[in-house]
Structure formats: structure tokens, C-alpha cells
Amino acid sequence: MTIRKEAEAAIIARTDKLRDTYHQTDVFKKWLGYHRVRRQMLNYMRSYVKNERGAYTSRLRRAYAEADILYNMAPVVNDGELIVGLPDHSPLTPEETAEYQELEKIMKAAPDTGRLTSGHMALDFEKLVKVGVSGLLKEVQERRAALDLNVPENLTKEEFYDGCEEELKGLLDLAHRYQAHVAELAAKEENAERKAELEQIAENLKVVPEFPAQTFYQGLQTIHFYIFSLWELYYFGRVDRYLYPLYKADLEAGRITYEKAVELYACFMLLPEAYILPNVAFDAMLGGRDREGNLVENDVTYICLDAIRFAHSANGKVTLAVCKDTSEKLLRRAIQTNAAGLTQPALFNDDLIIESFLSYGVAIEDARDYCNTGCAEVTPCGASGCYVVAPYHNLMQYFLETMQTSPEGETEESFLQRYEAHVRKNIFEHNLRLNRRMLERSRVGCDTMRACCLVHDCLESGRSIDEGGAKYNFTEPNFLAFGSVIDSIRVLRELVFSGEYTMKELLDILANDYKDNEALRQRIINRIPHFGNNEESTDKIASELSRMLVRCCEGITNYRGEKSLIPGVFSYVVHSKFGAQTGASPDGRHAGYPLSSGSSPVQGREMNGPTAALLSNTAWSHKEYLGGVAINVKFSEGQMSGENEDRMVDYIRVFLERGGYQLQFNCVDTKTLLAAQEDPEKYSDLLVRVGGFSAYFCKLPRYMQQEIIDRNAHNF
């Protein structure tokens with residue numbers, strides 16, 4: 001589909017205006033996280049402490065307080081918005097600030113569950129658009145009415161359903177007040193065009209989120225309205241599956257055009273810029289196969305891809321599931337969007353991920369119905385209570401600790417055995433702490449009940465996510481410095497296990513951060529083989545290290561009964577944060593410098609071109625790594641377009657055939673990045689891929705900017 005120039009100009013004008021509006025908020029300017037804003041927290045604490053409705057358990061007390069946030073939230077509508085619903089960020093008065101501080105002291109006595117929900121999951125939005133909140137309420141009420149309360153175990157189910165009902169009613173009250181507010185704005189609006197838009201929004205809110213969505217527009221409104229007041233990141237799932245029937249019906253009835261759908265979706269993508277911490281992955285997934293195994297590629301797929309350039313957003317993004325049957329047309333569209341410097345969509349290998357889910361015991365229909373629920377980790381849609389990136393592990397720190405306890409004359413085999421034991425010990429200990437947190441949460445709860453309403457099998461079982469009600473409950477620890485450790489093992493082989501240096505001598509050099517040993521550091525960098533160059537010895541180490549991490553996770557059980565942890569090797573920004581705390585390492589890395597990003601090679605060390613880098617990155621099995629694998633490839637500007645587009649299609653096909661998990665691109669010149677450092681205002685909208693997510697380059701800390709600059713920019 002093509003978009004007419006006049007329609008394109010109108011979409012650009014609207015989205016630019018909204019982006020500017022959202023970027024003036026404290027969320028964007030001050031990097032407020034995806035947590036309750038102070039006004040919401042004030043209403044929550046007021047309700048929890050006063051308990052005026054007499055909640056009979058602490059879990060139900062939380063649900064009532066959650067509902068009271070919704071009952072007391074003021075509608076917020078910005079000029080030009082087509083989809084509404086934003087948190088109220090109005091500042092507290094001095095009196096309210098004093099009350100807030102006093103309530104905070106009182107709340108210290110409340111059960112401590114970290115004030116966060118599980119998050120990082122996709123809800124069952126297909127069900128939501130089909131039944132609406134009224135349908136969820138009806139199901140809750142019917143299931144509660146069927147309980148025999150003379151059976152003790154049913155009391156916890158009653159408590160759960162009571163909490164669900166309270167929160168859903170609170171959400172409906174907020175929606176009704178939004179509808180009245182928008183209708184009032186429409187009545188006062190003098191601009192005819194904006195008046196008509198507000199009237200349409202008000203009409204939509206008469207239907208959604210209370211009742212089933214009847215149009216594509218209403219589908220977007222109901223999804224957003226359900227999500228925006230939740231505490232954490234709840235992903236949009238497979239939008240081109242569940243929104244396509246609505247769009248198709250609209251198109252056949254003459255209610256919508258392709259261009260209008262693009263504009264609506266671009267507005268939808270921009271909304272998280274107003275309430276989500278800048279520079280996170282908050283995505284919808286396209287493509288792949290449906291639950292019956294049919295290939296998904298329709299108008300909504302392309303609507304979402306077209307909307308990327310208008311939204312130009314670091315938060316609201318799309319990813320694409322690709323497989324051996326994905327059309328060349330769709331692959332080319334994905335390449336073209338990335339080539340424009342938009343850093344989207346990241347590509348996920350549908351064939352590999354489905355196979356992997358099956359190996360972990362996921363039902364075939366759920367294995368096909370997954371999406372990324374973070375930078376690179378994937379979970380089944382509407383059926384997960386998973387703990388992702390739980391927690392991050394610094395493989396380089398463990399490596400250095402193993403070096404420090406190395407006996408004189410130790411062999412490589414003995415060293416790696418001790419390293420594996422040390423890694424597993426740390427995994428077990430961190431998981432034990434997480435299990436204790438799950439134990440407490442299972443008792444007092446911290447999940448929002450309305451999120452549970454769209455996670456199977458919570459309503460079916462009468463148990464919340466924290467009680468283990470979700471169908472799948474994986475724990476997915478994430479391992480940092482994968483490439484750094486591969487290179488370090490290769491360096492130890494060359495320098496220590498060969499007898500040239502003792503382990504103590506090398507440790508002394510590292511302790512001094514290579515001071516007076518720059519010649520050795522340059523030898524390490526320039527003469528010893530590095531991972532990422534299609535070089536046999538380092539690729540073999542990568543394969544061995546990946547198998548070691550899988551072994552380290554096997555048999556370590558989480559509190560909810562899953563028998564094995566599922567590893568991941570992507571990094572978000574933590575490779576930089578952990579790198580700042582980690583001393584110099586054998587791979588030539590200076591103390592404090594970022595660790596390697598995701599599963600990618602050490603920054604700047606892949607010297608043999610993009611194909612060699614891809615071959616190394618897929619020289620080990622990604623199948624077991626549903627916790628996320630992020631292959632981040634940086635191309636010079638122009639290298640993904642023109643005659644190179646054909647090469648990029650082949651490149652993606654090789655990635656799929658070799659069992660790669662996720663592939664993401666930066667297409668930007670180093671000179672542009674350097675210019676942005678010097679004149680950030682001029683490049684305020686420059687997007688880059690970091691460690692599984694997109695970011696506004698100029699919003700990143702200086703050390704993160706430098707790490708991205710240091711990555712090799714490939715040319716075909």
C-alpha cells in the first residue's frame with residue numbers, strides 16, 4: 001500500500017506534535033521509571049492505610065488500593081491525540097507532599113514485595129477485544145458464584161475474584177469519566193476538525209473498554225486503556241493477528257482507509273513515550289505463524305511497519321517473527337525500515353523459537369503464540385507468569401574470581417571445571433533469593449488483579465500470577481559478558497596455559513589495568529584470535545561456553561515448580577553498568593569499560609565483515625536460550641539499501657538457516673554518532689540499538705554512547 005503525500009504530511013504533523021508534547025513531560029526529561037507516579041502512589045497509600053472498605057486480607061487490601069488509584073485518577077487528554085489515557089502527573093501540593101511522606105513511613109510496616117508486579121509479559125488482548133471488560137467481569141462473577149465457601153481452599157479463590165472485580169470496576173469508572181471528559185472537550189472545541197476527532201473518541205469510549213471492540217480504532221483504544229495504568233511493562237503481543245479481523249471488517253464496510261490505520265497505529269506507538277521510562281523495549285510482534293500454524297502476513301503487518309517512521313519512537317516499537325516461509329516482500333520491508341535508521345523491527349527466528357518452546361514442554365499452540373516481552377526474551381502470550389532477566393549474572397566477574405583462586409600450574413580443563421562450578425553456585429544462590437521473594441509474594445501478593453484476568457489459567461484456577469496461576473512460570477536468568485569471556489578463555493590459553501605467564505603475573509597486570517603493559521594489551525587485541533571472525537578456536541569456545549551455561553541452569557528449580565532455569569545472553573544496558581564495576585579483564589578490556597553486548601563479539605573485535613560475524617554468532621546452539629539472544633550488527637549508513645538490499649535478504653536467510661535467535665541492526669555512520677555527541681540538540685531524535693532495545697542516542701549516558709561508537713560498522 002502507498003500513502004498519499006497529503007496524507008503523509010498530515011500524519012507527520014500530528015505525530016511530530018504528539019512526540020514534542022510527550023517529550024516535555026517529566027517522564028522523558030527526568031527519566032521517571034515505569035512505576036507509580038507520586039499522585040497515583042498517594043492515592044494507593046491513602047486507600048491501603050485507611051482501608052475504609054474493610055478488606056479482610058492484605059492481598060485484597062492491595063487490590064482495593066489499586067482500584068482506588070483508578071477511581072481517583074483524573075482524565076488527561078492532550079491536543080491532537082486520537083487514542084487517550086495517560087497517568088496524571090500533576091505535582092502534589094505542599095500539603096499532599098507532607099501527607100505522602102507520612103504515609104510512606106506507615107507503609108514501611110506493610111508486607112514488602114518490592115512494589116512491583118511481575119510484568120514483562122503479554123496479556124491476552126485477543127480475549128479483551130472480543131469480550132471487553134464487561135465480559136471479564138461477568139466471568140469473574142460467575143466463577144465466584146460457583147464456589148462452595150464451605151471448602152477452605154475456595155476462600156483464597158473468592159479473595160482473588162473479589163480483587164479482580166474491584167479493579168475491573170475501577171477501570172470502568174475511569175473509562176466512563178474519560179468519556180464524559182472527552183465529550184465535554186468536544187462540546188467546547190471550536191476547531192471543526194478537532195471537534196470531530198473528539199466526538200469520535202467519545203463515541204469509542206462509549207463502547208470500549210467496557211464492551212467488545214467493534215472497529216480497528218476501538219481495538220487500539222481498548223488495549224491502550226487496559227495497559228496504561230499498570231505498574232510494569234505489559235507487551236502488546238501479536239497485533240496483526242487479533243486486530244486484523246477488525247481492520248478487515250472496517251475496510252469492507254468503508255469505515256477506514258489504510259492511511260488512517262497507519263496514523264492510528266503511529267499514535268498508539270507514541271503513547272508510551274509519555275509514561276514509560278525512555279529507552280526500553282515495549283513492543284508489539286508481527287508475522288510468524290498463528291496458533292494453527294498458518295503464516296501471518298496481512299495489511300495490519302504492513303500498517304505497523306509503515307507506522308514506525310511516523311512514530312519514530314524509542315519506546316513503542318515493533319518486532320518481526322520471521323521463518324523460512326516469510327515472503328521476500330516482508331523481509332525487504334523490514335530491511336528498508338532498518339536501513340532508514342529507525343532500528344526496527346528486530347527479527348526473531350520463528351522456527352527456532354517454536355522448536356525451543358516445544359523442548360521446554362510448551363503446548364504447540366502456545367509455542368506458536370509467543371512474543372518478546374523485553375529486549376530479547378520471549379514468553380507465550382496471555383499465559384505467562386515468567387520472571388525474565390532474573391537476575392543478571394556478570395560472567396566476567398565470576399571469571400576473574402576463578403582466576404584469583406587458581407592453583408599454580410593449573411590446566412585449562414581444571415580451570416574451566418572450577419569456573420563452571422563457580423557459575424552454577426552463583427546461579428543457585430541468586431535463584432534461592434528469588435524463590436524466597438516468590439514465597440512471600442505467594443502469601444501477600446503484589447500482582448495487579450486486572451492483569452491476572454488476561455493471563456491463563458488465573459481466572460480458570462482462581463489463583464493470581466503470584467500464586468502460580470499462570471500456565472507457564474519460567475525463570476530466565478541472563479548472562480552478561482558472553483563475548484568477553486570467550487576472548488578471555490582464548491587469551492588464557494595463549495598466555496597462561498602455554499606457560500608464558502603465570503596466572504599470578506597476569507592477575508597483577510590486570511590489577512594495574514595494563515599500566516606499563518600496553519604492548520601486551522595490543523598483542524591481545526591485534527594478534528590473538530577473537531570471537532566474531534569465523535575463526536575456529538574462538539567459535540569452539542563459544543559453543544562450549546553456551547553448553548556450560550545450559551548445564552549450570554539444569555535442575556535448578558523455581559518456587560512455582562519449573563524444573564529448570566532458562567538462560568539468556570542479552571544485555572539491555574547492564575553490560576555497561578556491570579562493566580563500570582568490573583576490573584580489567586584478560587581480553588584487553590580496561591577496568592570500567594563496558595562488557596561485551598549481548599551475545600555479540602567484544603566491541604570492535606569482529607574484523608572480517610558482517611558475514612563472518614554472523615557465522616560466529618550462530619556457531620553455537622541458540623535453541624535453549626529463550627531468555628534472549630541479541631545479535632546486534634552495526635552497518636555503515638547506506639550498506640543496507642540499494643544493491644545491498646539483496647545481500648541483506650540473503651544475510652537474513654543465512655541467519656535463519658543457521659538457527660540464529662534474534663537479529664537487530666544499527667545503520668548509522670560513526671561520524672554521525674560523534675557529531676551527535678558534540679551537538680545533541682541537533683540529533684535529539686537519533687535512534688540506535690543498544691543491547692536488545694532502541695534508544696535515543698543523546699539520552700544515553702556518555703559511556704554508553706562511546707560503547708556504541710566503538711562497535712565496528714560493517715560494509716559489504
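What follows is a short dialogue about reading features of this predicted model.

Biologist: Let's start with salt bridges. How many salt bridges does the count come to?

Modeller: The count comes to 55 salt bridges. One of them joins the side chains of Asp162 and Arg144, at 2.7 Å from N to O. Asp162 belongs to helix H7 and Arg144 to helix H6 (residues 125–145), so this pair ties together parts that are 18 residues apart in sequence.

Biologist: Are those two partners buried, partly exposed or exposed?

Modeller: The general idea is to compare the relative accessible area with the cut-offs: buried is under 20%, and exposed is over 50%. Asp162 has 14% relative accessibility, so Asp162 counts as buried. Arg144 has 22%, so Arg144 is partly exposed.

Biologist: And what about pairs that sit within one helix? Where are Lys260 and Glu263?

Modeller: Both are in helix H12 (residues 258–270), three residues apart, which means about one helical turn separates them. Their side chains meet in a salt bridge, 2.9 Å from N to O. Lys260 is partly exposed at 31%, while Glu263 is buried at 8%. Helix H21 (residues 482–495) offers another case: Glu494 and Arg490 are four residues apart there, again about one helical turn. The closest N and O atoms of that pair are 3.2 Å apart. Glu494 is partly exposed, with a relative accessible area of 29%, and Arg490 is buried, with 11%.

Biologist: Which residues do salt bridges with shared partners join into one network?

Modeller: The network holds Arg14, Lys17, Asp79, Arg194, Glu197, Lys260 and Glu263.

Biologist: What about a charged residue that is buried but unpaired? What is the nearest side chain of opposite charge to Glu467?

Modeller: That side chain is Arg59, 4.1 Å away; Glu467 is buried yet has no salt bridge. The salt-bridge cut-off is 4 Å, so a pair at 4.1 Å is not counted. Glu467 does have a polar partner: the backbone nitrogen of Ser464 lies 2.8 Å from a polar atom of the Glu467 side chain. Beyond four places in sequence, Glu467 touches Arg59, Thr156, Ser442 and Gly462. Glu467 itself sits in the loop between helix H20 (458–461) and strand E9 (475–480).

Biologist: Now a whole helix. How far apart are the end C-alpha atoms of helix H8?

Modeller: Check the length against the expected rise of 1.5 Å a residue: the 16 residues of H8 (residues 192–207) should span 22 Å, and the end C-alpha atoms are 23 Å apart, which agrees. Then look at the start of the helix, where Asn191 caps the N-terminal end with a side-chain oxygen 3.0 Å from the backbone nitrogen of Glu193. Among the buried residues of H8 are Arg194, Glu197, Leu198 and Ile201. The buried residues of H8 pack against helix H1 (5–22), H7 and helix H9 (216–227).

Biologist: Which peptide bonds are cis?

Modeller: Read omega for this. A cis bond joins Val208 and Pro209, with omega about 10°, and Pro209 lies in the loop between H8 and H9. Another cis bond joins Ala390 and Pro391, with omega about -10°; Pro391 lies in strand E8 (residues 387–394).

Biologist: And backbone phi? What is the phi of Asn534?

Modeller: Asn534 has a positive phi of about 55° although it is not a glycine. Asn534 is in the loop between helix H23 (518–527) and helix H24 (536–553), and is partly exposed, since its relative accessibility is 43%. A residue from elsewhere in the sequence meets it: the C-alpha atoms of Ala612 and Asn534, 78 residues apart along the chain, are separated by 4.8 Å. Ala612 lies in helix H26 (residues 610–617) and is buried at 9%.

Biologist: What is the phi of Tyr572, and where does Tyr572 lie?

Modeller: Its phi is positive, about 50°, although Tyr572 is not a glycine. Tyr572 lies in the loop between H24 and helix H25 (574–580), and counts as buried at 18% relative accessibility. Tyr572 is also one of the residues that touch the most other members of the largest nonpolar core, which has 230 residues. Helix H7 gives the most to this core, with eleven residues. Beyond four places in sequence, the contacts of Tyr572 include Leu277, Val280, Tyr392 and Phe693.

Conventions. Residues are numbered from 1 along each chain as its sequence is written. This is a predicted model: local features need pLDDT of at least 70, side-chain atom pairs count only at pLDDT 80 or more; totals for chains, interfaces and linings use all residues. Side-chain values use heavy atoms; hydrogens and water are left out. Helices (H or I, at least four residues) and strands (E, at least two) are DSSP runs, numbered from the N terminus. Buried means under 20% relative accessible area, exposed over 50%, partly exposed in between (1.4 Å probe, protein chains only). A nonpolar core is a set of buried Ala, Val, Leu, Ile, Met, Phe, Trp, Tyr and Cys residues joined through side-chain atoms within 4.5 Å. Contact means heavy atoms within 4.5 Å. Lys and Arg count as positive and Asp and Glu as negative; His and the chain ends are not counted. A polar contact is a pair of N or O atoms within 3.5 Å; within protein, one must be able to donate a hydrogen and the other to accept it, and residues adjacent in sequence count only if both atoms are side-chain atoms. The expected span of a helix is 1.5 Å times one less than its number of residues.
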